[in-house]
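Welcome, and thanks for taking a look at this model. Please keep the sequence and the 3D view open side by side as you read.

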Amino acid sequence: MPTTNDETITQVVKAFQSLGVDEQLALFWFIYKEMGDSVTPAAPQASTVSPDIAEGLFNQIKEKSHEEQLQFQRDLINKADTEYTRMYGSMSDTTKLLVWYRLAQGMDSGTIIPMPPNYELSSEAKQVLEQIKGLEFEQQITTLRDYVAPMGAEPAGGAEV
């Protein structure tokens with residue numbers, strides 16, 4: 001669940017999580033496209049461990065078919081128990097955010113399944129996007145970190161990296 005006591009952030013995270021799985025994926029993409037220059041570059045610098053951990057998972061996912069890449073992302077949101085979601089689940093919250101940043105970069109470069117052309121967000125997702133845009137920079141980072149933190153599955157050994 002959210003790692004902050006800020007009620008505004010908690011409400012935005014809950015609104016984000018209330019969307020359908022594919023709509024959450026689309027919203028994350030739109031956040032990257034519209035706010036990536038300011039929000040997402042903070043993820044690599046904020047990581048408490050070497051970015052190599054996030055990069056390692058990203059490299060394994062990018063070798064999969066586009067359908068498997070999409071399923072991995074859906075599995076993260078649905079907290080499915082797979083080898084890859086457990087790897088993700090073992091990461092720190094900030095490293096999890098870095099994984100999503102790398103996935104968005106991969107979508108941009110074509111190594112990860114891209115968004116369908118001309119995709120439009122639902123009105124609910126547009127509302128959440130506007131809420132996130134209206135937050136202060138630190139609140140935006142915290143919101144995104146709180147959003148990605150509960151995703152994935154519990155690691156087999158229980159250790160976080």
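What follows is a short tour of the nonpolar core and of three buried residues.

This is a predicted model, in which local features need pLDDT of at least 70, side-chain atom pairs count only at pLDDT 80 or more, and totals for chains, interfaces and linings use all residues. Residues are numbered from 1 along each chain as its sequence is written, and side-chain values use heavy atoms, with hydrogens and water left out.

**The core**

Let us begin with the largest nonpolar core, which has 43 residues. Such a core is a set of buried Ala, Val, Leu, Ile, Met, Phe, Trp, Tyr and Cys residues joined through side-chain atoms within 4.5 Å. Phe-16 and Trp-100 have the most contacts inside this core. Among the helices that each supply at least two of its residues are helix 1 (7–17), helix 7 (93–109) and helix 9 (137–148). The largest share, 9 residues, comes from helix 2. Helices here are DSSP runs (H or I, at least four residues), numbered from the N terminus.

Leaving aside neighbours within four places in sequence, Phe-16 is in contact with Gln-24, Leu-27, Phe-28, Ile-31, Val-128, Ile-132, Leu-144 and Tyr-147. Contact means heavy atoms within 4.5 Å.

**Three buried residues**

The table sets out three residues that count as buried, a term that means under 20% relative accessible area (1.4 Å probe, protein chains only).

| Residue | Place | Relative accessible area |
|---|---|---|
| Thr-85 | helix 6 | 0% |
| Met-91 | loop between helix 6 and helix 7 | 2% |
| Arg-102 | helix 7 | 17% |

Which backbone atoms lie by the side chain of Thr-85? A polar atom of that side chain lies 2.5 Å from the backbone oxygen of Ala-80, and the backbone nitrogen of Thr-82 lies 2.8 Å from a polar atom of the Thr-85 side chain. Not counting residues up to four places away in sequence, Thr-85 touches Phe-72, Asp-75, Leu-76, Ala-80, Gly-152 and Ala-153.

Met-91 is 38 residues from Ile-53 in sequence, and the two are 8.1 Å apart in space, C-alpha to C-alpha.

For Arg-102, the side chain makes a polar contact with the side chain of Gln-105 at 2.6 Å. A polar contact is a pair of N or O atoms within 3.5 Å; within protein, one must be able to donate a hydrogen and the other to accept it, and residues adjacent in sequence count only if both atoms are side-chain atoms. Beyond its neighbours within four places in sequence, Arg-102 is in contact with Glu-55 and Phe-58.

How values were computed:
Buried < 20%, exposed > 50% of the residue type's maximum accessible area, 1.4 Å probe, protein only.
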